[in-house]
Amino acid sequence: MPSKPAEIDAATLAMAARTDDVPLLVDFWAPWCGPCRMMAPEFAKAAQTLHGSARLAKINTQDHAQVGGTYGIRGIPTMILFAGGRERARQSGAMPAQQIAAFASDAMRKA
């Protein structure tokens with residue numbers, strides 16, 4: 001399991017969200033989004049903290065515009081935690097690494 005977020009495409013997201021055997025935390029972002037760019041290094045730090053308990057991935061909603069509609073993304077950055085083939089938790093807005101890790105850990109405990 002990598003200790004840094006993977007850049008994925010829409011097909012990979014659809015498959016991983018359904019079939020991953022470990023929780024998957026996905027950051028929906030775009031390059032023109034200031035808060036998204038601010039959160040990117042924090043998301044990478046959270047990946048190190050969560051290493052071994054969750055996979056972290058990023059999907060560029062500008063390059064993969066259909067994911068916004070598919071997953072009901074209303075604003076970015078938005079994180080969704082998938083576990084057991086379903087969405088388990090969602091959080092919008094930029095957050096520091098510690099809050100990202102806490103959000104994911106809490107959601108995984110409830111899943």
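How many residues does helix α2 have, and what does it reach from its first C-alpha to its last? Select residues 34-50 and you have the helix on screen: 17 residues, reaching 24 Å from end to end, close to the 24 Å expected at 1.5 Å a residue. Keep in mind as you click around that this is a predicted model.

**Stop 1: along α2**

Stay on the helix and put A40 in the centre of the view. α2 bends by about 35° there. Now pick P41: this is the proline that follows within four residues of the bend.

Next, show side chains for C36, M39, E42, F43, A46, A47 and L50. These are the buried residues of α2. Note that E42 is one of them. What do they pack against? Turn on β2, β3, β4 (78-83) and α4 (97-110), and you have the elements that the buried residues of α2 pack against.

**Stop 2: the disulfide**

C36 is worth a second look, so add C33 to the selection; the two form a disulfide, with their sulfur atoms 2.5 Å apart. A search of the whole structure finds one disulfide, so there is no second one to hunt for under the cut-off of 2.5 Å between sulfurs. If you set up a dihedral about the S-S bond, expect 75°, which makes the link of C33 and C36 right-handed. Both cysteines, C33 and C36, are buried.

**Stop 3: past the end of α2**

Walk down to the other end of the helix and on to G52. This glycine sits just after α2 and takes a positive phi of about 95°. G52 belongs to the loop between α2 and β3. Is G52 buried or exposed? It counts as exposed, at 54% relative accessibility. For a distance check, pick the C-alpha atoms of G52 and P23: they are 29 residues apart along the chain, and 10 Å separates them in space.

**Stop 4: strand β4**

Now select residues 78-83, which is β4. Colour by accessibility if your viewer can do it. Six of the six residues of β4 are buried, so the strand is largely enclosed by the rest of the structure. Look at the strand from either side and you'll find both faces covered: T78, I80 and F82 lie on one side, with M79, L81 and A83 on the other.

Then bring in the neighbours of β4:

- β2 runs antiparallel to β4, with five bridges joining the two. Pick L24 and you'll find F82 of β4 opposite.
- β5 (residues 86-92) also pairs with β4 in the antiparallel sense, over six bridges. Pick L81 and look across to A89, its bridge partner in β5.

Follow the chain from β4 into β5 and you go round a hairpin with two residues between the strands. G84, in the turn, has a positive phi of about 60°.

**Stop 5: salt bridges**

How many salt bridges does a search of the whole structure find? Seven turn up. Here are some to visit.

Start on β5's side of the hairpin with E87 and R90. They form a salt bridge whose closest N and O atoms are 2.9 Å apart. E87 is partly exposed, at a relative accessible area of 36%, and R90 is partly exposed as well, at 32%.

Then centre on R55 and show D20 and D21. The three are linked in a network of salt bridges. Take the two contacts in turn:

- R55 to D20 comes out at 3.2 Å, N to O. R55 lies in strand β3 (residues 55-60) and D20 in the loop between α1 (10-19) and β2 (24-29), so the pair ties together parts that are 35 residues apart in sequence.
- R55 to D21 comes out at 3.6 Å, N to O. D21 is in the loop between α1 and β2 too, so its pairing with R55 in β3 ties together parts that are 34 residues apart in sequence.

Switch to a surface view to finish. R55 counts as partly exposed, at 28% relative accessibility. D20 is partly exposed too, with a relative accessible area of 21%; the cut-off for buried is under 20%. D21 is exposed, at 68%.

Terms used: Residues are numbered from 1 along each chain as its sequence is written. This is a predicted model: local features need pLDDT of at least 70, side-chain atom pairs count only at pLDDT 80 or more; totals for chains, interfaces and linings use all residues. Side-chain values use heavy atoms; hydrogens and water are left out. A salt bridge is a side-chain nitrogen of Lys or Arg within 4 Å of a carboxyl oxygen of Asp or Glu. Buried means under 20% relative accessible area, exposed over 50%, partly exposed in between (1.4 Å probe, protein chains only). The expected span of a helix is 1.5 Å times one less than its number of residues. The bend at a residue is the angle between axes fitted to the seven residues ending there and the seven starting there. Contact means heavy atoms within 4.5 Å. Two strands pair if DSSP finds at least two bridges between them.
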